[in-house]
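This report describes the annotated domain, the sheet and the ligand shell of the structure shown below.

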Amino acid sequence: LPEVADARIVPDVWEALQDHIAVCAACGLHAGRSQTVFGTGAADSPEWLLVGEAPGEHDDRMGLPFQGRPGALLEAMLSSIGVQKSTVFFTNLVKCRPLGNRTPRSEEIDACLPYLRRQITLLKPRRILALGKLAAQALLATDSDFEALRGHVHHIDSEDGLAIPLVVTYHPAALLLRPQHKADAWQDLNLARAVVAEHAAL
Ligand code: URA
């Protein structure tokens, strides 16, 4: 049998984590991917960590997150509030594309969440922007309604105890379908931008 990665043993070095995820078979999504999508961007205390839901078709092909239309909208929104792409790390709640872009299942999210947690611990981002309900609920370990989670600054603890500010906003694919929510999303981005992370000086 080929050796498969065990999601319960998660490397604590960035490059090893990347290698581990690249061969992960901890859930059924591995069978349908062309490659994993680890994430990309500023990897040392980035100003922003953006967490989407799952890679789409282009992302799966390129091995990079947010390559399609939702990503273009996201970049336009970030740039409209003065956020440089070079200050952002982009990743997703699950690292493999669900076939047909279906919503990831709870067991797939559970299998992949330790990777995102470890990424957060190693990255030490100044703030996290959770894009959409699934990323928000998983990171905050809650089943609260999406609308109840928006509009506040939450905090999550990294595995080594840093309190990291987290703001919830609409997923950019949802904004493409319902542009009337864009004004609210801009408010969320501005709320996140105004946050001062306590570990900023570390
Ligand atoms: N592409 C991604 O990488 N993530 C999403 O959530 C949507 C598109």
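## Annotated domain

In an unreviewed entry, UniProt lists residues 38–190 as "domain: Uracil-DNA glycosylase-like". In this predicted model, the chain over residues 38–190 is 41% helix and 18% strand. The C-alpha atoms at the two ends of that stretch are 27 Å apart.

## Model confidence

The protein chain has a mean pLDDT of 94, and 94% of its residues reach 70 or more. For the complex, the predictor gives an ipTM of 0.96 together with a pTM of 0.94. Where pLDDT is low, the predicted coordinates should not be read in detail.

## Sheet architecture

The sheet is open and consists of six strands, ordered β1-β3-β2-β4-β6-β5, with mixed pairing. Its edges are occupied by β1 (40–41) and β5 (154–157). Each of these has a single partner strand, so one side of β1 and one side of β5 are left without a neighbour in the sheet.

## Strand β6 and its partners

Strand β6 (residues 163–169) runs parallel to strand β4 (residues 128–131), to which four bridges join it. Within this pair, L129 stands opposite V167 in β6. Helix α8 (residues 182–194) packs on the sheet and touches both β4 and β6. The direction of helix α8 makes about 170° with that of β6.

Strand β6 also pairs with β5, here in the antiparallel sense and over four bridges. In this pairing, D157 stands opposite A163 in β6. The two strands, β5 and β6, form a hairpin with five residues between them. G161 lies in the turn of this hairpin and has a positive phi of about 90°.

## Ligand shell

Which residues are the closest to the ligand? They are G52, E53, G56, D59 and P65, in a shell of 13 residues that surround the ligand.

By residue class, the shell around the ligand divides into six nonpolar, five polar and two charged residues. Of the closest residues, E53 and D59 count as charged, P65 counts as nonpolar, and G52 and G56 count as polar.

How values were computed:
Residues are numbered from 1 along each chain as its sequence is written. This is a predicted model: local features need pLDDT of at least 70, side-chain atom pairs count only at pLDDT 80 or more; totals for chains, interfaces and linings use all residues. A residue is near a molecule or strand if its C-beta atom, placed from the backbone, lies within 6 Å of it. UniProt positions are given in the numbering used here, feature names are shortened, and annotations may be inferred rather than shown by experiment. Two strands pair if DSSP finds at least two bridges between them. Two residues are in contact if their C-beta atoms, placed from the backbone, lie within 7 Å. Axes are lines fitted to C-alpha atoms, for helices over the stretch in contact, and angles run from 0 to 180 degrees between N-to-C directions. pLDDT is the predictor's confidence in each residue, from 0 to 100.
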